[in-house]
Every structure is written in C-alpha cells, then in structure tokens.
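Subject: Structure for you to look at

Hello,

Please find the structure below, with the sequence. My notes on what was found in it follow underneath.

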Amino acid sequence: MAVLEFEKTRWFRITAVVTAVVLAGIALALVVDNQRRQAALTHVRIAGGGFLFYYRLGEIRAGITAIVQKPTPSQSRLVARFENPSGGPPVEVETRLRHGEQRYGLETPPLTGIVKGRPYAVDLLLYDYGGREPMEVQHTTITSELDEDVSPKGPLTVGPGYHRPQNGPQNGPPQGRQPAPQ
C-alpha cells in the first residue's frame with residue numbers, strides 16, 4: 001500500500017493523536033453523564049392516575065400507571081396503596097414485574113364514598129423479590145372531578161346483549177327524564 005508523502009510528516013502524526021484523544025474524551029464524558037443520569041433515576045415512577053367511572057356497570061375504581069425507568073430485578077413486586085374513600089384501611093393492589101415490560105396499570109376493586117374535588121393519597125411501593133422492606137416509595141394524590149352520585153347504583157345492562165336488568169334500573173330513571181310508558 002502506498003504511503004502518501006503528507007502521512008510521513010510529523011504534523012500528521014500529531015493531528016491523529018490529538019483527534020484520538022479528543023474522541024476518547026468525548027466518549028468518556030458520554031459514559032460518565034449516562035451513569036450520572038441513571039443513578040439519579042428511580043426504578044419506577046407514577047405516570048398518572050385517577051378515578052375510572054364504569055357507568056354501564058355502575059362501578060367507580062381508582063387506578064394509577066407506573067413506568068419502570070431503569071433495570072429492576074425480575075419478579076419484584078409493585079404494591080399500590082390507595083386511600084379508601086369510605087374510610088377504613090387503605091385498598092392494596094399488587095402486581096409482579098415481568099421481564100421486558102415497562103408500563104404497569106394498577107386498579108382497585110369498586111369503591112364507594114368518592115367526593116368531588118377531594119384529593120386521595122396513593123403510595124406506590126417497590127419490593128425486591130422476597131423483600132420485606134420497600135426498595136422505593138412514591139407518593140401522589142388523585143382527585144375525582146365527579147361525585148359518586150352521578151354513577152348508577154347498579155349495572156345499566158346485563159350480559160353482552162345490553163339487556164336491561166330484570167328488576168329495572170337500580171337507581172330509577174336519570175334525573176330530568178320520565179320512565180318510558182310500558
């Protein structure tokens with residue numbers, strides 16, 4: 001292979017060494033910055049949450065979405081503790097972390113006693129597999145924009161065919177409407 005005349009010069013060698021040192025410095029800076037950012041991240045974070053009004057079923061549930069931000073041991077547990085709107089102990093919902101999944105939804109069973117505009121506390125706890133103490137704890141609040149009174153007291157329909165319940169609507173006709181003549 002032919003070596004060009006300028007490649008033999010001292011200037012070329014100095015430029016090549018300086019370029020290599022600068023590129024190595026940039027690579028090192030990127031690695032250090034990435035490690036710093038990863039260390040600052042929590043394992044999971046709460047992406048959002050709120051109350052879910054299933055009007056067809058006559059149910060109100062609370063839920064949150066959690067996102068895994070950095071590698072977490074497989075089979076770790078996510079536990080969400082929702083303040084109980086009707087009083088009493090908090091409502092706990094649990095799920096296991098699975099390899100490759102980053103987004104988890106945690107939803108309570110049906111709730112009662114929800115008041116519009118009142119913030120309800122939610123705690124998200126991350127436990128290592130078999131661990132008794134949480135690795136992380138996240139706190140947030142959720143607020144309903146509707147009162148429990150707007151939800152029907154029972155299911156509006158029964159089954160997949162949208163049939164009316166045998167006993168009629170559980171809470172009577174909607175406000176401002178008269179029942180249809182039979």
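Helices here are DSSP runs of H or I with at least four residues, strands are DSSP runs of E with at least two, and both are numbered from the N terminus. Read along the sequence, the protein has the pattern α-β-β-β-β-β-β-β, that is, one helix and seven strands.

Two remarks on the source. This is a predicted model, in which local features need pLDDT of at least 70 and side-chain atom pairs count only at pLDDT 80 or more, while totals for chains, interfaces and linings use all residues. Residues are numbered from 1 along each chain as its sequence is written, and side-chain values use heavy atoms, with hydrogens and water left out.

Overall figures

Of the 182 residues in the protein, 26% are buried; buried means under 20% relative accessible area, exposed means over 50%, and partly exposed lies in between (1.4 Å probe, protein chains only). The accessible surface comes to about 12,900 Å², and carbon and sulfur atoms account for 56% of that. Areas come from the Shrake-Rupley method with a 1.4 Å probe; for residues, only the protein chains shown count as cover. A contact means heavy atoms within 4.5 Å. Among contacts between residues at least 6 apart in sequence, 59% join residues at least 24 apart.

The three-stranded sheet

Strands of a sheet pair through backbone hydrogen bonds, either parallel or antiparallel. Two strands are taken as paired if DSSP finds at least two bridges between them. One open sheet has three strands in the order E1-E2-E5, with antiparallel pairing. E1 and strand E5 (103–107) are at its edges with a single partner strand each, so one side of each has no neighbour in the sheet. Neighbouring strands of this sheet are turned by 20 degrees against each other on average, direction ignored; the axes are lines fitted to C-alpha atoms (for helices over the stretch in contact), and angles run from 0 to 180 degrees between N-to-C directions.

Five bridges join E5 to strand E2 (residues 59–68) in the antiparallel sense. Within this pairing, isoleucine 64 is opposite leucine 106, and glycine 63 has glutamate 107 as its bridge partner. The side chains of E5 alternate: Tyr104 and Leu106 point to one face and are buried, whereas Arg103, Gly105 and Glu107 point to the other and are not.

Threonine 108 is in the loop between E5 and E6. Its relative accessibility is 1%, so threonine 108 counts as buried. Leaving out residues up to four places away in sequence, threonine 108 touches Arg61, Ala62, Phe82, Val91 and Val93.

The four-stranded sheet

The other open sheet to report has four strands in the order E4-E3-E6-E7, and the pairing is antiparallel. Strand E4 (91–96) and E7 are the edge strands; each has a single partner strand, so one side of each is left without a neighbour in the sheet. The twist averages 20 degrees from one strand to the next.

Going through the pairs:

- E3 and E4 are joined by six antiparallel bridges, with phenylalanine 82 opposite valine 91.
- Strand E3 (residues 77–82) and E6 also pair antiparallel, over six bridges, and alanine 80 is opposite leucine 124.
- E6 and strand E7 (residues 134–143) run antiparallel with nine bridges; leucine 125 has valine 137 as its bridge partner.

E6 and E7 form a hairpin with six residues between them, and glycine 130 in the turn has a positive phi of about 80 degrees.

Proline 134 is part of strand E7. With 30% relative accessibility, proline 134 counts as partly exposed. Proline 134 touches Leu125, Leu126 and Tyr127, not counting residues up to four places away in sequence. Between proline 134 and leucine 124, which are 10 residues apart in sequence, the C-alpha to C-alpha distance is 9.7 Å.

Ring contacts

Rings of Phe, Tyr and Trp (its six-membered ring) pair if their centres lie within 6.5 Å; planes under 30 degrees apart count as stacked, over 60 as edge-to-face and the rest as tilted. The count is one aromatic pair. Phenylalanine 51 and tyrosine 120 form this edge-to-face pair, at 5.5 Å centre to centre with 80 degrees between the planes. The pair links distant parts of the chain, 69 residues apart: phenylalanine 51 is in strand E1 (residues 44–54) and tyrosine 120 in strand E6 (residues 119–127). Both phenylalanine 51 and tyrosine 120 are buried.

A charge sits over a ring if NZ of Lys or CZ of Arg is within 6 Å of the ring centre and within 35 degrees of the ring normal. The charged end of arginine 77 sits over the ring of tyrosine 127, 4.5 Å from its centre.

Regards
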